[in-house]
Each structure stands twice: as C-alpha cells, then as structure tokens.
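Reader: Hey, I've got a structure open and want to talk it through. Can you walk me around it?

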Amino acid sequence: MKTILSTVIVLLFGLQAAVAEAADAYVPKVYGKKGYVWDEMTPERVQVLKQKGDPVNGKEAFRGCQGCHKSDAAGVREGVYPRLSGQHASVLIKQITEIRAGIRKNPKMLPFVQDPAISVQEIGDIAEYLSTLTSYRENGKGPEDLSAKGEKLFMTNKCYTCHGKHGEGNAEKSYPVVAAQHYGYLIREMNLIRTGVRGNSNPDMVKAISGFKQSDMDAVADYLSRLPDYRTVNATPNPALVVPESSSAAK
Amino acid sequence: MKHKTNSNGLQVCTFIALICVLFMSAAHAETMQSNEAAASEVAAAPTPEAAASEVAATPEATAPEAPAVALSPFEERLQLCAGCHNPDGNSIIPENPRLAGLDKKYILIQLRDFKSGDRTNATMSAIIQMVDEKEFEDLAKYFSGQKRQISVSEKPELVEQGKQIFEEGVIGSAAPACMGCHGEDGSGDAKFPRLQGQNAQYVVNQLTNFKSGERANDAKGLMRAVAKRLNEQEMAAVAEYMSTLKEAE
C-alpha cells in the first residue's frame, strides 16, 4: 500500500513538472481520485482562454497534428483519431490543456501537445483555427443504420441537455460537438469515459450511460455519426445571399 | 614552442589527408557508377554555375596542394561540399544527404547547428570548422537552387509499405504520417526538410538518431516523438519510399 501511495505521489509530482511554469502550485486530480473536480479551470486553461487565438498561427501550428488528424482535421474514418474540424474552441482548449496537465490520459497525443511541440499561445491558436475549419473527408459511420434506436436513447437519457438536440454541444460550457463525429471514436470514448480510464470523465455522463449495454452505445454512436455537421443545421443565411422579397415578387 | 609547431603540422597533415580521402572516395564512387543511371543523371543535371561542371570533371584538382588558379573562393568552397554531396547536391553516397532543393532556410539551420555542435556527424562536424559562417548564406542558396534527383528502387514491396506509412502513419504505435508535416509529396519547407529522392540509408540513419536522441535539432521535438514510434523495419520501408517519391506536378 505504501509503495502504491508513494508511486502515486511520485507520478503526481512528475505530472506537475510537465505543467506550464504559471501552474507551479497546481496538482492535477484525475477522475476517481479524491478531490477530482470535473471541468476544473486549471491555471493553464485560464491563461489560454484569456488570450486571443490567432487562426493564421493556428494553421501553421496545426501542421504537427496533421500526421494523425489530417490536413482538413477530419481525423481517420475508423475513428482512431477524431474529427476536430468545427469543434468549439473552448472544448479543444479544455481537452488539450487537460491532456497536457495529465488529467485526460492520452499517451499517444501527449508528446505532440507538450512543450516544445506546442506553446501555450498555440493551444488557443489551434483551437481558433479548427473551430472554423470544414473537413472535406467524410466521417466514419456504423456498419448498419441504428439511428432510430440511437436517437431514442439520446433523447430518453437526456444526452441533449449537454450535447444539444443536433449534437452541437455548447461552446460556453465546453460541451463538445458530437454530431458527425466518427462512429468508432464515439464508442471508444464512451467506454473510456464510463470506465474512467479517460481521466477527465464527467460524472453526470458516467451516470447517464452507466446502464448502457454495448449495443446501446453502438446505436447512440451510429445515430450521432449520421447527424449532419451541426453548423449546416444552425447556419443563419448569409444576408448577402438572401433575395429580398420585393425582387422575388417582381419575378 | 617546437612542440606546438609539431602539433599544428600534424593537424594540417590530418586535414589534408582527410580531404584527400574524401575526394578519392567521391571519385571512386563516381567511377563505380559510371555505367549506371545515377551517374548519367548527375552529368545531365542542370548546373547553373559553370563551377559545378568543372568540379564534376576534375575532382582531383581540389587537393589543397594543387589549387586551381581560376576558381573563386565560393567555387573553391563548393568543391569541399561536392566531395561528399556531389557538385549538384545530389549525393550518390548512400550515407550522405541530398542537399539539392532543400529549403534555403533549412540548410542554413543545419549548417549553423553543425557549427555550434547542436547537430553532430563525424565528418561534417570536422569539415564545418573549415567553413566560415559568412559563407553559409551563399552555400544554402546554391544548394537550395539545385534540382533534386529521384532514385529508382528495386524493392517494390518495401516501397509499397513505406508509402502506407508516409501517407497514413502506423496505427498500432500511433506514429503520425510523414506527409502531415513534410507535405503530401514530401516537398517540405524551412521547418521540415524535402524528402523526395533522399538517400534511403541517410534517412534510416537520421530516424535512428532521432529515436535515440543523438540528433535533437528537430523543429519542436516533433521528429524525435515520431521516430520513437517507428521500428527498424518501418524506417527502412519509409526511407525506401522517400527515395522514389516525386514532386507533385
């Protein structure tokens, strides 16, 4: 027991060292451990949110991410790497800073978002760039259309409370867009969140999907993967392209 | 005093010997390949400066004891590089990089890193001591302006596997695809070097050195992070593919 405790302590100190210099006193708390606070405003996250993200710099900084997430940020259809295009900047900032802080466990991605791969400023720049990007590659969908069952589960379990009725998430509260995400990625992350392995699980979501069978997760993932890009649903018509009533009447 | 003179003399001798060996090996390599496509490519390669073709024709003339009177300081300097990298920067020695068509800024970074010791290589670290930093700009400009030659591979299966890694990465080990940073056709830029036609053995050596951390002058540490996720076989495959990679039209 003592050795486990000391290992954890050593680990925590190691993680702390990885956090930016501004976060000297900060110790990450992971889901399932004492003191875990979901959606904690870590010092680095606060710092990034305060800065104005520059999408031009973001495009350049994103080059180091393209090897996995592709040049249009479409990720991989099989869902090994998620689609990032159109994701809320606040969500991307939350996830990147939590991975850097060691709250979200993502050893595959960590070396590419740690210093010196990207700086604190570049986190916001990349997030800003991706939030307006549109992928030209299609997302991966389930092997069979389970969207009717998936939609029912999504509604009865009130997933829309956070993720929105069109899977559009909530930029203000850092809830991710889940519409048109890869089927494989959605299933993987649901499992990682429910088991807590992801490290930054939302306890409300763990509760909401705790009763899900694997087939239920497949159905919800399939439903979300078939939703259109939320931006096409919520798009307000460009005033420059709207034909005035008088001119349409003249026709 | 006498001792000092002797050691200086020894150093000079060593340098002369080193240069002779380098040019002899270059000359040897050229003779070896004289009947092969590589040599004809080199000969046919565009050489915008007259100096370059002179160097190709008479590498022996570069020996310090018999300097060619007509050469400008820059042309003379080019001969030093040409011994290992070929006059047009398309080295035919497998361990040496092709410099032709690399981004000027990228070449400058490497030259400065060799000079400062941030990048090391037994031969290059010795040679760079003979070159003044003021010369770097012209050298970088010259080699970046040369056309990169592409190789032909006799290992189609390795090339095919390498293409997969170059374009998709390795899913199991989460190694990112090369084209993410180096561009879809490997054209590269100032931060990430051009990979087209690069000598396969050189690429394998660099990936190995990035993996071990022996080479650590990569932009933002990205190449080291990627190389750690490649095994020897994958390195060989991706290097073989790069040697055949053509620039997009």
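Author: Sure. One term before we begin: accessible areas here come from the Shrake-Rupley method with a 1.4 Å probe. By that method the accessible surface of chain B comes to about 12800 Å², and carbon and sulfur atoms hold 57% of it. Keep in mind that this is a predicted model.

Reader: Okay, and how much does chain A expose?

Author: Chain A exposes about 12900 Å², with 60% supplied by carbon and sulfur atoms.

Reader: What's chain A built from, helices or strands?

Author: Chain A has 14 helices and zero strands. Chain B has twelve helices, again with zero strands.

Reader: How much of each chain is buried?

Author: In chain A, buried residues make up 49% of the 251 residues. For chain B, 47% of its 249 residues count as buried.

Reader: And what about contacts between residues far along the sequence in chain A?

Author: Take the contacts in chain A between residues at least 6 apart in sequence: 72% of them join residues at least 24 apart. In chain B, residues 24 or more positions apart account for 72% of the contacts with a separation of 6 or more.

Reader: Switching to the interface. How many residues are in contact there?

Author: On the chain A side 17 residues are in contact, and they meet 19 residues of chain B.

Reader: What area is buried between the two?

Author: About 1600 Å² is buried between chain A and chain B, and carbon and sulfur atoms give 53% of that. Three residues stand out on chain A: Arg63(A), Gly67(A) and Phe112(A) supply 35% of the area that chain A buries against chain B, more than any other three residues.

Reader: How many salt bridges are there between the chains?

Author: The count between chain A and chain B is four salt bridges. One of them pairs Lys220(B) with Glu122(A), where the closest N and O atoms are 2.9 Å apart. There are also eleven residue pairs in polar contact between the two chains, both residues being at pLDDT 80 or more.

Reader: Which helices of chain A touch chain B? I'd like somewhere to zoom in.

Author: Look at helix H4 (66–69) and helix H6 (110–113) of chain A, which each supply at least two residues of the side that touches chain B. H4(A) gives the largest share of that side, three residues.

Reader: What's the mix of residue classes on that side?

Author: The side of chain A that touches chain B has eight nonpolar, four polar and five charged residues.

Reader: Back to salt bridges. How many over all chains?

Author: The count comes to 26 salt bridges over all chains. Inside chain A, one of them joins the side chains of Arg100(A) and Asp115(A), at 3.9 Å from N to O.

Reader: Why would you say that pair ties parts together?

Author: Arg100(A) lies in helix H5 (residues 89–101) and Asp115(A) in the loop between H6 and helix H7 (120–131), so the pair ties together parts of chain A that are 15 residues apart in sequence.

Reader: Is Arg100(A) buried or exposed?

Author: Arg100(A) has a relative accessible area of 6%, so it is buried, given that buried means under 20%. Asp115(A), at 45% relative accessibility, counts as partly exposed.

Reader: Got any that reach across more of the sequence?

Author: Try Arg226(A) and Asp145(A), whose side chains meet in a salt bridge at 3.7 Å, N to O. This pair links distant parts of the chain, 81 residues apart: Arg226(A) is in helix H12 (residues 214–226) of chain A, and Asp145(A) is in the loop between H7 and helix H8 (147–156) of chain A. Arg226(A) is partly exposed at 30% relative accessible area, while Asp145(A) is exposed at 51%.

Reader: What does Lys149(A) pair with?

Author: Lys149(A) meets Asp216(A) in a salt bridge, 3.5 Å from N to O. Asp216(A) is in helix H12 and Lys149(A) in helix H8 of chain A, 67 residues apart. Asp216(A) counts as buried at 10% relative accessibility, whereas Lys149(A), at 39%, is partly exposed.

Reader: Which residues form a salt-bridge network?

Author: Asp39(A), Arg45(A), Lys94(A) and Glu98(A) are joined into one network by salt bridges that share partners.

Technical notes: Residues are numbered from 1 along each chain as its sequence is written. Chains are lettered from A and ligands numbered from 1 in the order in which they are written. This is a predicted model: local features need pLDDT of at least 70, side-chain atom pairs count only at pLDDT 80 or more; totals for chains, interfaces and linings use all residues. Side-chain values use heavy atoms; hydrogens and water are left out. Contact means heavy atoms within 4.5 Å. Buried area is the accessible area (1.4 Å probe) that two parts lose on being put together, summed over both. A polar contact is a pair of N or O atoms within 3.5 Å; within protein, one must be able to donate a hydrogen and the other to accept it, and residues adjacent in sequence count only if both atoms are side-chain atoms. Helices (H or I, at least four residues) and strands (E, at least two) are DSSP runs, numbered from the N terminus. Ala, Val, Leu, Ile, Met, Phe, Trp, Tyr, Cys and Pro count as nonpolar, Asp, Glu, Lys and Arg as charged, and the others, Gly among them, as polar. Buried means under 20% relative accessible area, exposed over 50%, partly exposed in between (1.4 Å probe, protein chains only).
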